[in-house]
Amino acid sequence: MKALEKVSGFMGSTFAVWVILFAILSFLYPPAFTWIVPYIMPLLGIIMFGMGLTLSMNDFKEVFRRPKDVAIGVGAQFLIMPVLAFILALALPVSPQVAAGVILVGCCPGGTSSNVMTYLSKGDTALSVAITSVSTLLAPIFTPLLVLLFASKWLPVSPGALFMSIVKIVLIPIILGIIVKALLGNKVEGGVKAFPLISVIAIVAIVTAVVGANQQQIATTGALIFAIVVLHNVLGYLIGLGLGKMLGMEPAKQRAVSIEVGMQNSGLGATLAAAHFSPLAAVPSAIFSVWHNISGPIIATIYRKQKERAPKKLSQEKFSAS
């Protein structure tokens, strides 16, 4: 079991490398990965079940301890990213499928990677986990409504079908994970420690399936989609940080909100896009999966260094004043 934990930990810490490597391989030789397409929904369900296993009552207690902070984070998640996606889709020359895909990933809840990046940034990790948990549980309601509001300009949207898909592949697996953990307690700890490995494999498989199925379209429009994804993600970080500052949140909370807003559950976006729109609509989410595993560590490092410099600057100011 210890060997499995070590492998799982290694895979989790090198997640970005595996996503990028296999995305490239899938682009170079699609037939090796396109067979995964029919299994995208079950793969995401497995990831969500693992998320349920990691949740505890303390995560939900945080919501009641700091309802205002959690409400700010969740509200920012479901406001900033959908509006940004809509503006970018309007401003840049993309196809209706790509526009819908960009908006869909923008309307998704935060991803669990944001919790790790908040921890690495020395942000408020407990707040990050609470925001992710609440936004994920609210996704069956808010994601379909937001997609209907913003994406129906480009493609027909069925909020009822989106609702049912999110319930099946997100809500039910998470609830099952919570129930299993409640019933078995410490007996599931070994499985929880192995889940980073399973999650990495599942996300990599989803990304490779989407990239492989859209190799030709990515070859022609991939640069533009990549530019949109980068803008979407970076603006999400910056506006999330600015909102935290504007509302007078502490720096650690600002970092948590910034990262929560900027990082999306792109696996959910890819799954819903492939199921309800078209394979091409899933490409923005797939590229988002690759990109946010590059931008996440970068923004976490920037925020951590800012925090480390702050006490030194304060000390220097006190010394100068004396």
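Colleague: In this predicted model, is S133 buried or exposed?

Modeller: S133 sits in helix α8, which covers residues 125-151. Its relative accessible area is 3%, and the cut-off for a buried residue is under 20%. S133 is therefore buried.

Colleague: Which backbone atom lies 2.7 Å from a polar atom of the side chain of S133?

Modeller: A polar contact requires N or O atoms within 3.5 Å. A polar atom of the S133 side chain has such a partner at 2.7 Å. That partner is the backbone oxygen of V129.

Colleague: Leaving aside neighbours within four places in sequence, which residues is S133 in contact with?

Modeller: Contact is taken as heavy atoms within 4.5 Å. With the neighbours within four places in sequence set aside, the contacts of S133 are M51, L55 and F60.

Colleague: Is V147 buried or exposed?

Modeller: V147 also belongs to helix α8. Its relative accessibility is 0%, to be set against the limit of under 20%. V147 therefore counts as buried.

Colleague: How many Å apart in space are V147 and I103, C-alpha to C-alpha?

Modeller: In sequence, 44 residues separate V147 and I103. In space, their C-alpha atoms are separated by 6.7 Å.

Colleague: Which residues is V147 in contact with, leaving aside its neighbours within four places in sequence?

Modeller: The criterion is again heavy atoms within 4.5 Å. Once the neighbours within four places in sequence are left out, V147 is in contact with L104, C107, S152, V157, L162 and F277.

Colleague: How many disulfides does the model contain?

Modeller: A disulfide calls for two cysteine sulfur atoms within 2.5 Å. The count by this rule is zero. For C107, the nearest cysteine sulfur is that of C108, and the distance is 7.4 Å. C108 is likewise in no disulfide, its nearest cysteine sulfur, that of C107, being at 7.4 Å.

Colleague: Is C107 buried or exposed?

Modeller: The relative accessible area of C107 is 0%. Since the limit for burial is under 20%, C107 is buried.

Colleague: At which residue does α5 bend?

Modeller: Helix α5 runs over residues 67-91 and has 25 residues. From first C-alpha to last it reaches 36 Å, close to the 36 Å expected at 1.5 Å a residue. A bend of about 25° is nevertheless found, at A76.

Colleague: In which helix is confidence highest?

Modeller: The chain averages a pLDDT of 82, and 87% of the residues score at least 70. Confidence is lowest in helix α1 (residues 2-13), with a mean of 64. The highest mean, 91, belongs to α5.

Terms used: Residues are numbered from 1 along each chain as its sequence is written. This is a predicted model: local features need pLDDT of at least 70, side-chain atom pairs count only at pLDDT 80 or more; totals for chains, interfaces and linings use all residues. Side-chain values use heavy atoms; hydrogens and water are left out. Helices (H or I, at least four residues) and strands (E, at least two) are DSSP runs, numbered from the N terminus. Buried means under 20% relative accessible area, exposed over 50%, partly exposed in between (1.4 Å probe, protein chains only). A polar contact is a pair of N or O atoms within 3.5 Å; within protein, one must be able to donate a hydrogen and the other to accept it, and residues adjacent in sequence count only if both atoms are side-chain atoms. The expected span of a helix is 1.5 Å times one less than its number of residues. The bend at a residue is the angle between axes fitted to the seven residues ending there and the seven starting there. pLDDT is the predictor's confidence in each residue, from 0 to 100.
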